[in-house]
Amino acid sequence: MANVAKKVSWSGRDPRDDDDEDGNGDGPAGESTPLLNGTGHGARQFTPSLLRPGQLSNVDLNEDVRELETELPRPYPNEIPHNEKLLSLKYESLDYDNSENQLFLEEERRINHAAFRTVEIKRWVICAMIGILTGLVACFIDIVVENLAGLKYRVVKDNIDKFTEKGGLSFSLLLWATLNASVVMVGSVIVAFIEPVAAGSGIPQIKCYLNGVKIPHVVRLKTLVIKVCGVILSVVGGLAVGKEGPMIHSGAVIAAGISQGRSTSLKRDFKIFEYFRRDTEKRDFVSAGAAAGVSAAFGAPVGGVLFSLEEGASFWNQFLTWRIFFASMISTFTLNSVLSVYHGNAWDLSSPGLINFGRFDNEKMGYTIQEIPIFIFMGVVGGILGALFNALNYWLTMFRIRYIHRPCLQVIEAMLVAAVTAAVGFVMIYCSRDCQPIQGSTVAYPLQLFCADGEYNSMATAFFNTPEKSVVNLFHDPPGSYNPMTLGMFTLMYFFLACWTYGLTVSAGVFIPSLLIGAAWGRLFGISLSYLTKGSIWADPGKYALMGAAAQLGGIVRMTLSLTVIMMEATGNVTYGFPIMLVLMTAKIVGDYFVEGLYDMHIQLQSVPFLHWEAPVTSHSLTAREVMSTPVTCLRRIERVGTVVDILSDTSSNHNGFPVVESNPNSTQVAGLRGLILRSQLIVLLKHKVFVERANLSLVQRRLKLKDFRDAYPRFPPIQSIHVSQDERECMIDLSEFMNPSPYTVPQEASLPRVFKLFRALGLRHLVVVDNRNEVVGMVTRKDLARYRLGKEGLEELSLAQT
C-alpha cells in the first residue's frame with residue numbers, strides 16, 4: 001500500500017476546498033489513480049478479474065495506514081512529515097485530447113471554410129491581445145518599482161549622509177531595515193493569506209500546467225493581481241529577487257483569461273471566444289502568454305518562443321510557433337513604446353525589456369580563440385556553484401515544508417530575510433574602503449560615507465540599488481571601478497542571501513539574482529585574468545562578467561537553447577552567441593552531474609506527477625499490464641441514472657474517466673470497449689437531466705449542444721450540488737451521443753516507454769488498456785507513469801501521498 005502523508009502544496013490549501021479556474025472543484029484526487037490498483041504498488045504480478053459494468057473500486061487500507069489517518073494532527077501541526085519519494089494524489093490532469101463525440105463532430109461538419117477562417121483570425125486577435133496586455137502589465141511593474149525604489153533609496157541615502165557627519169549611523173541601519181521589512185511584510189501577507197500559489201516566480205507551476213497537470217488556482221485573475229502587487233513589493237523591499245521571472249506567470253494568466261472570453265472570478269461572461277473553451281486551446285494560448293512574459297522581461301521575442309518550447313509545451317506545431325512569436329513581438333513592442341513615452345523619448349524605442357543589458361562594443365570586447373578554454377572553465381565553475389545553490393535551497397525548502405507552514409510564520413520569515421538583507425548590505429558598505437571617483441560614473445545613488453569628497457563607496461553600487469541596475473553596472477563599468485575584495489565579499493554574501501530568499505512566501509524571480517551573482521564573480525575572474533596577463537587588452541572584466549552571469553544562471557535553472565538566445569537578444573550582440581552557448585552547455589552538464597535544476601527540484605518537492613520528455617531509460621522491462629490501474633469502473637452505453645450518481649458520489653474512487661462498454665444484461669461478462677466518457681460530461685448530463693423513463697425510448701427532453709458543456713467549463717459543479725429524485729434514479733441515460741467513441745487504447749503487452757511516448761506526445765488524460773478481445777482490463781493515467789523514475793540505484797517506484 002502506498003505511504004500516506006500530509007504535506008503543504010503550492011496552493012497552501014486543503015485540496016477539497018479548491019475551486020480552481022481550470023478544475024472540476026469536486027474532490028481531491030484526479031482520474032483513476034495508482035491508489036486504486038487492486039494489485040498494490042510494487043506488484044509485478046497481474047491477476048485478471050471480471051469487470052462488471054458500474055462496478056465500484058474498493059481500497060483496502062492497511063492497519064498502519066488507518067492508524068496514521070485517524071491520528072492526523074491539527075490543521076497546523078508543529079512538523080509536517082515529508083518524503084521526497086512521494087507522488088501526490090491531489091493533482092488532477094488536464095485533458096489535451098479533444099473528445100470527438102457526436103456533438104463535436106456535428107459542430108465541426110457544420111463549420112464551413114469561411115467559419116474556419118474566422119476562428120483562425122480570432123486566434124491571431126487573442127495572441128495580439130495577450131501581447132499588448134502582458135506588455136502593459138510589465139510597464140506598470142517597471143514604473144511603480146522605479147518610483148517606489150527610487151523614493152526609498154533617496155530617503156535612506158539622505159539619512160546616511162546626515163548621520164555620517166553627525167555620527168549615529170545605527171539610526172540609518174534601523175531605518176533601512178525597517179523600511180525593507182515593512183514593505184516585504186505587506187507583500188508576504190497578501191501572498192500567504194490571499195493566494196499562496198502566487199509565491200515564487202511561477203515558472204515551475206506554468207511548466208506543470210503546460211505539461212498537463214492541473215495546479216489549483218494557477219491561472220486565476222486573483223493570482224495575477226497578487227503576483228503583480230507581490231513582485232513590486234518584493235523588489236522595492238530590497239530582497240535578493242528579480243521581477244522578470246514572475247512576468248512569465250503573469251503572461252500565462254493573462255492568456256488563460258483572454259482566450260476564454262470571460263472571467264469566472266468576476267462572474268462575467270463576454271460571450272466571445274466560446275469555441276476556445278477547452279483544455280487544448282487554452283494550453284496553446286498559455287504557451288503564448290509565457291513566451292510574451294519572457295519577451296517583455298528581457299526584450300527577447302525569439303528567446304520567449306524558445307523558452308516556451310524548451311521549458312513548457314508538450315505539444316508543438318508550425319502554426320503555434322508563428323502565433324507565439326507574434327504575441328512575443330507585440331509584447332516587447334508594447335513595452336518599448338510605453339516606456340519610451342514615459343521616459344520622454346517617444347520615437348526612440350530604446351527599452352525593449354524590463355532589463356536591458358546594454359550594448360557590448362565588439363571592438364573593445366571581442367574574444368579570441370585562446371579564450372574558449374577559459375569560457376569552458378567558467379561554465380564548470382557556474383555548474384558547481386549552481387549545484388551548490390540548488391542543494392542548499394533544497395534543504396532549506398524541506399525545512400520550510402516541515403516547520404514553516406503557518407502563514408504567520410512565513411510572513412515573519414520574509415520580514416526577517418528583508419531586515420537581514422538590509423543589515424548585511426549596510427555592514428558591507430560600512431566596512432568597505434573601496435572608494436572610486438564620482439566623476440564620469442553612472443551610479444544612481446552614490447553613497448560617500450567615509451570616502452573623500454568627489455568619491456563614492458563602490459560596494460554601495462552593488463547593494464544600494466535594484467538588482468537589475470547592479471547587473472548592468474557590473475557589465476559596463478570601466479576597468480578599475482571595483483576592488484577585487486569588494487567583488488569577492490559581495491559574491492559570497494549575495495549568494496547566500498539569494499539562496500535564502502528563493503522559496504519565501506513572496507512573489508519573486510531567481511533570474512536576476514543569479515545573473516548578479518555570476519556577473520560579480522565573472523568580473524572578479526576577469527580582473528584576476530587581467531592581472532595575470534599584465535593587462536592584456538582581451539581580458540576585459542565586463543566581458544567576463546557577462547560569461548559569469550550566463551554560467552551562474554545556467555548552473556541554477558539548467559536552460560540552454562532559450563537562455564542562449566535570451567542573453568544574445570538582451571545584449572544586442574550575436575558575437576557572443578557561441579561562447580554563451582559553450583558556457584551554458586558546460587554549466588548544465590556539470591550541474592546535472594550533482595543535482596537537478598532548481599525548477600525541476602521544486603516540482604519534485606511538491607510531489608507533482610510531472611512527465612519528462614522520455615520514459616526512464618531502463619523501463620523497457622515494464623509493460624502496460626504492470627503499470628496500469630485496476631479494477632476499472634465501467635459504464636454501460638445505456639446506464640441507469642442511479643448507478644451513475646452513485647459512482648460519481650463515491651469518494652473512495654473519484655474517477656474522472658469511465659470506459660463505456662456494451663453489455664449483455666443476462667451476462668456478467670463485459671463486452672468490448674465502445675468509448676470513454678468523462679466525469680465532467682456526466683455531471684452536465686445529470687444537471688440537464690438528459691435521461692428517459694425506460695431504456696427502449698430514445699426521446700430526450702432537450703437535445704444538448706456543445707455550448708452547454710463549454711458554458712460549464714472549467715468549473716463543473718460538484719455532484720453533491722445536483723439533485724436527483726428517487727424516480728429519476730430509475731430512469732436510463734444513453735451515453736452514445738456524448739462519449740468519445742474512439743479513445744486511445746494500448747494492448748496489455750505494450751512496453752512502458754511505448755505507452756509513455758503515446759501518452760506524453762498526445763497530452764492524454766486516460767489511456768485504456770485492452771486485451772486481445774478488446775475488453776477493458778485497466779487504465780493508464782498520468783500518476784501510473786510518473787511514479788517510475790530513474791534514481792541513483794536504477795529504476796525507482798514512488799509512493800503516493802494522499803494530500
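The paragraphs below walk through a buried arginine, a pair of packed helices and several aromatic contacts in this predicted model.

The arginine R787 sits in the loop that runs between α28 (782–786) and β16 (788–791), and with a relative accessibility of 1% it counts as buried, because the cut-off for that class is under 20%. Its side chain has polar partners: a polar contact of 2.3 Å joins the side chains of R787 and E797, while a polar atom of the R787 side chain lies 3.4 Å from the backbone oxygen of V627.

Two packed helices are described by the angle between their axes and the distance between the axes. Helix α5 (residues 203–211) packs against helix α21 (residues 598–605) with the axes 9 Å apart and at an angle of about 75°, and the two are therefore roughly perpendicular to each other. From α5, the residues I203, P204, K207 and C208 meet Y599, D600 and I603 of α21; by class, this contact has 5 nonpolar and 2 charged residues, and no polar ones.

Turning to the aromatic rings, the model has a count of 23 aromatic pairs. One of them is formed by F273 and F276, a tilted pair whose centres are 6.3 Å apart, with 45° between the planes. F273 is buried at a relative accessible area of 10%, and F276 is buried at 0%. In the pair of Y394 and W395, the ring centres are 5.1 Å apart and the planes stand at 85°, so this pair is edge-to-face. Here Y394 counts as buried at 10% relative accessibility, whereas W395 is exposed, with a relative accessible area of 58%. F273 and F276 also belong to one aromatic cluster together with Y275 and F285.

Definitions and conventions: Residues are numbered from 1 along each chain as its sequence is written. This is a predicted model: local features need pLDDT of at least 70, side-chain atom pairs count only at pLDDT 80 or more; totals for chains, interfaces and linings use all residues. Side-chain values use heavy atoms; hydrogens and water are left out. Helices (H or I, at least four residues) and strands (E, at least two) are DSSP runs, numbered from the N terminus. Buried means under 20% relative accessible area, exposed over 50%, partly exposed in between (1.4 Å probe, protein chains only). A polar contact is a pair of N or O atoms within 3.5 Å; within protein, one must be able to donate a hydrogen and the other to accept it, and residues adjacent in sequence count only if both atoms are side-chain atoms. Axes are lines fitted to C-alpha atoms, for helices over the stretch in contact, and angles run from 0 to 180 degrees between N-to-C directions. Angles under 35 degrees count as roughly parallel, over 145 as roughly antiparallel, 65 to 115 as roughly perpendicular and the rest as oblique. Contact means heavy atoms within 4.5 Å. Ala, Val, Leu, Ile, Met, Phe, Trp, Tyr, Cys and Pro count as nonpolar, Asp, Glu, Lys and Arg as charged, and the others, Gly among them, as polar. Rings of Phe, Tyr and Trp (its six-membered ring) pair if their centres lie within 6.5 Å; planes under 30 degrees apart count as stacked, over 60 as edge-to-face and the rest as tilted.
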